[in-house]
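Please open the structure in your viewer and keep the selection panel at hand. The stops below say what to select next and what is to be found there.

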Protein chains: 2
Amino acid sequence: MSKHALPVTRAENFPDWYQAVVRDADMAEASPVRGCMVIKPWGYGVWELIQRQLDDRIKETGHENCYFPLFIPMSFIAKEAQHVEGFAKEMAVVTHHRLKNVNGKLEVDPEAELEEPLIVRPTSETIIGDAFNRWVQSYRDLPLLINQWANVVRWEMRTRLFLRTAEFLWQEGHTAHADEAEAREHTLRMLEVYREFAETVLAMPVIAGEKPENERFPGADNTYSIEAMMQDGKALQAGTSHYLGTHFAEAQDIRYQDKDGGQTLCHTTSWGVSTRMIGGVIMTHGDDDGLRLPPAIAPKQIVIVPMLRDKPEDADVLAYCDALQKDLAKRSAFGVGLRAFVDKKATRSADKRWNWVRRGAPLILEIGPRDAAGGQVTFMRRDQLRAGDKIASQALARDAFVDAAVGLLEEIQAALYADAKARLDGAITPIASFADLETYFGAAAEDDEAAAAFKGWARVSWSKPTGDALEAVAARLKALKLTIRNAPMAQPKAFGACIFTDAPGVEEVLIARSY
Amino acid sequence: MSKHALPVTRAENFPDWYQAVVRDADMAEASPVRGCMVIKPWGYGVWELIQRQLDDRIKETGHENCYFPLFIPMSFIAKEAQHVEGFAKEMAVVTHHRLKNVNGKLEVDPEAELEEPLIVRPTSETIIGDAFNRWVQSYRDLPLLINQWANVVRWEMRTRLFLRTAEFLWQEGHTAHADEAEAREHTLRMLEVYREFAETVLAMPVIAGEKPENERFPGADNTYSIEAMMQDGKALQAGTSHYLGTHFAEAQDIRYQDKDGGQTLCHTTSWGVSTRMIGGVIMTHGDDDGLRLPPAIAPKQIVIVPMLRDKPEDADVLAYCDALQKDLAKRSAFGVGLRAFVDKKATRSADKRWNWVRRGAPLILEIGPRDAAGGQVTFMRRDQLRAGDKIASQALARDAFVDAAVGLLEEIQAALYADAKARLDGAITPIASFADLETYFGAAAEDDEAAAAFKGWARVSWSKPTGDALEAVAARLKALKLTIRNAPMAQPKAFGACIFTDAPGVEEVLIARSY
């Protein structure tokens, strides 16, 4: 039996551990609808905090939010032939608009077939492009900077809560620009917004870089991503930004009248992040006791557990906790009101402690009659829960704790980032040949366990082949269950030989197993 | 030609006027997907402000947000037989999960038919009930107070932007309680949240009351609504709250272990408001120059239009406007930062003025070189735009304007409410007989125009018939295109005879034409 709060540890079985965190932290659960999840209050609270803080950044960079239809006519998808080749074959298709009772049994009414099937949006490029075609008339209308928060559906056979589900929640930005330079600059600006957001708000260090040609979004000239390292060494693509050239503008005829009266095609971009980010947070910060939430996205940052015993002094303890909560809530942390909460549920105090440990509340306070009488606060930092075999509980005078609270939350945020950053930096290994790559990732190892052991990422020089040569590289990597994640924005000045082609290297790329 | 900013006035043709406001205020537009709308930035900005302020109230009353699947298995709908009788026959049905290329043409893959069709949620009672069945174990888990912000789809043949569309955005609250009294109290508490929200935030006076039996949500024991009066005298149901008894708990087997160890059925409630509210705001506050937005939901509360002339002094004017905007943005209005904006778009100043008039920005400033040089602010109040034939523009010293700005916004919010409240109060007429009702609503009038002229609502006594007797009443009203809106919460102590049955009255109800 595990000595920890979860029934399985990361070392024992990482995928099972992930599922245990999602379940025991009460983040989400499978639903009766194949591939769709129910996001529970604690998980959705994290998403709301992600939304609000990212939305602020999206608005600060000049975007306005809109809402476009859930359904996309099949003819729109057909128009985007490239699009379809990419990912859009498995989609939820609406074919009828009525149910009817047949002898007391509900059936799809065959007479209510739609003239044209509707696709539940897997992404909104085509339907938004159709609107851009109407909205863009003159150079005065540019740049057009739009964002949408929405649910999208991609039929998936193998699903995993947050990481891969048929329906998920995301934000998709779509912009149109007068020229290439501005559109390219915007693509990179939004990539940088994602990087800064991931590192500041999620405390999740990432590597921003460009995806290789074979991993581009269909129809994009360039695709950029932020890649985060999970504790099993795998990469998680946590956000993407695409420069789409004029391909989508051509397909949708998005043109503007320039200052000379000519009709010119727009250059467009799109970029998005999704509830997948929450999976990244879990696998970046979780430990064998459950989730550890960065305070900036913790729905409750400080949880106060009153130690009640069904005795008269309970009232004093509760009053003490309530007053403490009120004083904490007056403080401001990360630019908004501090989120403090008194857990009054009628369950055992010990159960409450472990409940909040598993959910990853950053500071957990346990207040008993002695604390109340002595004007003291006993607390645990979730990021430093254990000291050897013991729980590392600390105490401070009440007012000193209230004064220290915001600083403690900031410390926890910084500590979680620092931990993950050290892990990331320490697990990217320069590799100089394909043979070394095979050895590094344990491809030769007979036993699965050794092959699957933590390896991190490789950083290698390559000659940036294209077309068939690139497909050959991808195939060699695929045999090792590897992919090129991206070419980091920060590049050295000189390169070794390409590990795939032996030709002179022109770029360094990161190679990893991935989600 | 209209002397106003819109091509059609309310008096000329109210439905056309409504469409003109939606279009010319840039709120929303029809999409290429039948029945679905595109909500444009100005309209979505209003929705975001509605969401945030209502969400705060929903959380203050103890609810947590979740997210449930978009799709509902057909068997779930079938289980809710009553439900289906009500409104759920016209629904978007997903039957397949793949498209395929057949000779270069995209088609629905017949091999990818779902075993069970999925319904795009028209409401989430059944899928949330399924979760409640798992989540409610013991009395300690109650009350369970959940809310969801989501898109829903109801296949509609005749659509109208915001008022009736196939897809719309809403919030749906769902709660489970240990006993009837608590559930009933909660149903009314949420009704009161809606009333207060509509009146305070939307400046839209409403009458809260109970719907008659024939207008109940299918499966509800009691349905309550808030009803607002549009400027054409029609009623708009702007929010509903339902006490569902134990019907849904029975269908989904939502039971809790009580303190004695017994298994007891929960009592549940549900309640919702939608983007329809925006239609209500338009028809409550709009005038012949376009929309007038209550400042609490105006995405930009103060719009500064610099009067630029392509001359050297333009730079001074812009600098003056920017500094003014910054000072205004430091102020707080309605509990959050004041939203001030400088419109720098490269279009004519006069076009900008009328653009913001039509969009209903509460305060519109026009700043020319003389204002900048003289330290002055020239402004229009959108709620008092005209004085006779002229535009009512005012001027204040710059600092005096900055100091007055929040007060002006509060005045505008109050004035819009007061206007609408006076209209509502003045247009509810007590009617004592069915013959008078017919006359009042112009049923006998030969000409359509007289029949359609502004009439407001009737307040009548009735004996509250049920079953077939109630159906007979509804049919008599339907012949006059009327419905019973609700029985207001505030009732007199004594009642006249029922205008339908002549039996002693037991309640007063409101009767109106409606959206």
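**A strand with two faces**

Begin by selecting strand β6 of chain B, residues 105-108, where the side chains alternate: Leu106(B) and Val108(B) point to one face and are buried, whereas Lys105(B) and Glu107(B) point to the other and are not. A residue is buried here if 20 or more other C-beta atoms, placed from the backbone, lie within 10 Å of its own. Strands are DSSP runs of E with at least two residues, numbered from the N terminus. This is a predicted model, in which local features need pLDDT of at least 70, side-chain atom pairs count only at pLDDT 80 or more, and totals for chains, interfaces and linings use all residues. Residues are numbered from 1 along each chain as its sequence is written, and chains are lettered from A and ligands numbered from 1 in the order in which they are written.

Add strand β5 of chain B (residues 90-102), which pairs with β6(B) in the antiparallel sense over 4 bridges; two strands pair if DSSP finds at least two bridges between them. Asn101(B) stands opposite Leu106(B) in β6(B), and in the hairpin of these strands, with 2 residues between them, Asn103(B) takes a positive phi near 50°.

**An open sheet**

Next select the 4 strands of chain B that form an open sheet of mixed pairing in the order β25-β26-β29-β27. Its edge strands, each pairing on one side only, are β25 (428-430) and β27 (483-484) of chain B. β27(B) pairs with β29(B), residues 507-512, in the antiparallel sense over 2 bridges, and Thr483(B) stands opposite Ala512(B) in β29(B).

Terms used:
Buried ≥ 20, exposed ≤ 12 C-beta atoms within 10 Å, placed from the backbone.
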